[in-house]
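Open the model in your viewer and keep the selection tool at hand. The stops below go from the sheet to one helix, then to a group of aromatic rings and some single residues.

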Amino acid sequence: MKILLAGATGVVGRRLIPLLVQAGHEVAGTTRQESRAASIREHGATPVVVDVLDAAGIRKAVEAERPDAIIHQLTDLSGEDFEANSHLRIEGTRNLVDAARAVGVETMIAQSIAWLYVAGDALAVETDPLDPTLPPYAGVAALEEAVGEMPRGVVLRYGALYGPGTWYAPGGAIAKRVRAGNLSLTPAWTSFVHADDAATAAAAALDWPAGVVNIVDDEPAAAADWLPVYSATLGAPSPGTARHAATTGRPVSNAKALSLGWKPQVPSWRTGFTEMG
């Protein structure tokens, strides 16, 4: 297949290019910065320098590439600017979908998130409702709705990404907060996924039917369980227990992804954190 990978230099994108190339696909990867084009080329893909927020520019790029499928892995989180990321999800996805449909592309696979389900202790499945009171909801809802307009749109709801190059890496934003003592042991749920496994899911999704799929590992965990393990990996002091903390978040099921043939190579953050350290 000929694939246009939007967001080719991000945490998932740069892992995904080699997987797609090795599978025999012809890959073009987008970046906003000319300085990053070389890294795309080095991995065997053709760089396309374009800003997805430029509707005319992305339309021109899609017309030029005429891909069989588009994989949308765009984020804008390098500066922890959540408003910018939401804007990208809303406007960028809209531009990408409009360009794809105008050119006749039928398949789009897009990155979403798995931590917006209405809070609870039961495993969340893809048909469960999302919580519109959570801050990322507007951007995520817009992205998923837009991708749903595609003849075959697959939405991958990733768990919290960890591994080299992520916020959980030893030099990342979460690691810095832990070392500073800014995180506490709480009943808050997190479902993780190693960034390498997120990439394999995106590659596999080229063969999946339209719809939403949770991409998380096998062991959802409360902060009271995972944070001490993570802190020890970093060599950071054990965090304190938050008093009167309410349960937040929701453990997430990966049963649908498993039924489609995907399986995390890092099935638990327990081993993943240790290997990362």
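What follows is a tour of a predicted model, one selection at a time.

**Stop 1: the sheet**

Start with the whole open sheet, which has seven strands in the order 3-2-1-4-5-6-10 and parallel pairing. Now select strand 3 and strand 10 (211-215): each stands at an edge with a single partner strand, so one side of each has no neighbour in the sheet. From one strand to the next, the twist averages 20 degrees.

**Stop 2: strands 1, 2 and 3**

Select strand 2 (residues 26-31). How many of its six residues are buried? Five of the six are, and the strand is thus described as mostly covered. On one side, take strand 1 (residues 2-6), which runs parallel to strand 2 and is joined to it by four bridges. Within this pairing, Ile 3 stands opposite Val 27 of strand 2. To follow the chain between the two, add helix 1 (residues 13-22): the path goes from strand 1 through this helix to strand 2, a right-handed β-α-β crossover.

Next, add strand 3 (residues 46-49), which pairs with strand 2 in the parallel sense over four bridges. Two positions are worth labelling here: Ala 28, whose bridge partner in strand 3 is Thr 46, and Gly 29, which stands opposite Pro 47 in strand 3. The chain gets from strand 2 to strand 3 through helix 2 (residues 37-42), and this β-α-β crossover is right-handed.

For the side chains, one general point applies: in a regular strand they alternate between the two faces of the sheet.

**Stop 3: helix 5**

Select helix 5 (residues 137-147) together with the strands it touches: strand 4 (69-72), strand 5 (107-113), strand 6 (152-158) and strand 10. The helix packs on the sheet, and its direction makes about 165 degrees with that of strand 5.

Which residues of helix 5 are buried? Colour Gly 139, Val 140, Leu 143, Glu 144, Ala 146 and Val 147. Look down the axis of helix 5: these buried residues fall within an arc of 165 degrees, so they line one face of the helix. To see what covers them, show strand 4, helix 4 (82-103), strand 5, strand 6 and strand 10, which are included in the cover.

**Stop 4: Ala 160**

Move to Ala 160 in strand 7 (residues 160-162). Is Ala 160 buried or exposed? Its relative accessibility is 12%, so Ala 160 counts as buried; the cut-off for buried is under 20%. Leaving out residues up to four places away in sequence, Ala 160 touches Trp 115, Tyr 168, Thr 190, Ser 191, Phe 192 and Val 193. A distance label can also be drawn from Ala 160 to Pro 220: their C-alpha atoms are separated by 10 Å, with the two positions 60 residues apart along the chain.

**Stop 5: the aromatic rings**

The model has 13 aromatic pairs. A pair of aromatic rings is described by the distance of the centres and the angle of the planes.

Select Tyr 162 and Phe 273, an edge-to-face pair with 5.2 Å centre to centre and 75 degrees between the planes. Tyr 162 belongs to strand 7 and Phe 273 to helix 10 (residues 269-276), so the pair ties together parts that are 111 residues apart in sequence. Both Tyr 162 and Phe 273 are buried.

Keep Phe 273 and switch to Tyr 168. This pair is stacked, at 6.5 Å centre to centre and 15 degrees between the planes. Tyr 168 sits in the loop between strand 7 and helix 6 (173-179), 105 residues from Phe 273 in helix 10, and the pair links these distant parts of the chain. Tyr 168 is buried, as is Phe 273.

Now show the cluster that ring pairs link together: Tyr 162, Tyr 168, Phe 192, Trp 226, Tyr 230, Trp 269 and Phe 273.

**Stop 6: Ser 268**

Select Ser 268, in the loop between helix 9 (255-259) and helix 10. With 11% relative accessibility, Ser 268 counts as buried. Tyr 162, Asp 217 and Glu 219 are the residues Ser 268 touches, not counting those up to four places away in sequence.

**Stop 7: Arg 66**

End at Arg 66, in the loop between helix 3 (55-65) and strand 4. What is the phi of Arg 66? The value is near 45 degrees, which is positive in a residue other than glycine. Most residues other than glycine have a negative phi. At 51% relative accessibility, Arg 66 counts as exposed, since the cut-off for that class is over 50%.

Definitions and conventions. Residues numbered from 1 in each chain as written. Predicted model: local features only at pLDDT ≥ 70, side-chain atom pairs only at ≥ 80, totals over all residues. Heavy atoms only, no water. Buried < 20%, exposed > 50% of the residue type's maximum accessible area, 1.4 Å probe, protein only. Pairing = 2+ DSSP bridges. Right-handed = clockwise from strand over helix to strand, strands pointing away. Axes fitted to C-alpha atoms, helices over the stretch in contact; angles between N-to-C directions. Contact = heavy atoms within 4.5 Å. Arc of directions from axis to C-beta. Phe/Tyr/Trp six-rings, centres within 6.5 Å; stacked < 30°, edge-to-face > 60°.
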